[in-house]
Amino acid sequence: MPGSRVPGRTWTVRLTGHADHSASVTCSTEACRMPPRSKDTAALKRFAAEHVRAHARLATVRPDTACACRAAQCSLHEARTQCTGSTLLVLVHNPAVGQVWTLAEICQSCAPLIAHTAILGRSQPQDRQGRQGPPAASVPAPATAPAAVPVPVAGGFSSPQAAPEAPHRRRASST
């Protein structure tokens, strides 16, 4: 049926620790070959990150893709939204957890609502004959707030806004 959308794809790479202090890497794509279980978790973590990058390099974001997040009942984010906009290839990886990388085709509305994301690709619109057109308009990645620089607070005051201006004193000349 013309105009119908294909389901969004998702790839998940996971580093799993075991009781004997070894680890293993799994990929949601069954055809992918993974290294054997190992006690060198640092090497396995590097492998997992590179494996996700390889999937990202090979994936062409399809313009007729439905949001993979919607197919998962928007489980990647808490806020509800209407799935709209062009399709983006998004990497979801929380560095604090560090053991799961999810690569997914997500719509423009859901992508900013998902924490710890990086936009890796955008779909290109198709013309009426199904040919890809010029690259889609730029969508800003979710911005993280820059670290706040602590403002010195004068003694006796609880906030920088309440601190009075420091008086400028002149030194007496010794002539």
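**Exercises on a predicted model**

In strand E2, Cys27 is the bridge partner of Val13. The model behind these exercises is predicted.

**Exercise 1.** Determine the strand order of the sheet and identify the strands that stand at its edges.

*Solution.*
1. Strand E1, residues 10-17, is joined to E2 by five bridges, and the two run antiparallel.
2. The open sheet has five strands with antiparallel pairing, in the order E2-E1-E4-E3-E5.
3. The edges are occupied by E2 (23-27) and E5 (117-122); each has a single partner strand, so one side of each lacks a neighbour in the sheet.
4. Direction ignored, neighbouring strands of this sheet are turned by 20° against each other on average.

**Exercise 2.** Establish how many disulfides the model contains.

*Solution.*
1. A disulfide is a covalent bond between the sulfur atoms of two cysteines.
2. The criterion requires a pair of cysteine sulfur atoms within 2.5 Å.
3. The count by this rule is zero.
4. For Cys32, the nearest cysteine sulfur belongs to Cys27 and is 3.8 Å away, and Cys32 is in no disulfide.
5. For Cys67, the closest cysteine sulfur is that of Cys107, at 3.8 Å, which is too far for a bond.
6. Is Cys67 buried or exposed? Buried means under 20% relative accessible area; Cys67 therefore counts as buried, at 8% relative accessibility.

**Exercise 3.** Characterise the largest pocket by its space and its lining.

*Solution.*
1. The largest pocket holds about 170 Å³ of space.
2. Its lining residues include Leu76, Val92, His93, Asn94, Thr102 and His116.
3. Sorted by class, the lining of the largest pocket comprises six nonpolar, four polar and no charged residues.

How values were computed. Residues numbered from 1 in each chain as written. Predicted model: local features only at pLDDT ≥ 70, side-chain atom pairs only at ≥ 80, totals over all residues. Heavy atoms only, no water. Buried < 20%, exposed > 50% of the residue type's maximum accessible area, 1.4 Å probe, protein only. 1 Å grid on protein atoms, 1.4 Å probe; cavity = no way out; pocket = protein on both sides within 12 Å on 5 of 7 lines; lining within 4 Å. Points joined across faces, edges and corners; volume = space filled by probe spheres on them. Nonpolar A, V, L, I, M, F, W, Y, C, P; charged D, E, K, R; others polar. Pairing = 2+ DSSP bridges. Helix = DSSP H or I, 4+ residues; strand = E, 2+ residues; numbered from the N terminus. Axes fitted to C-alpha atoms, helices over the stretch in contact; angles between N-to-C directions.
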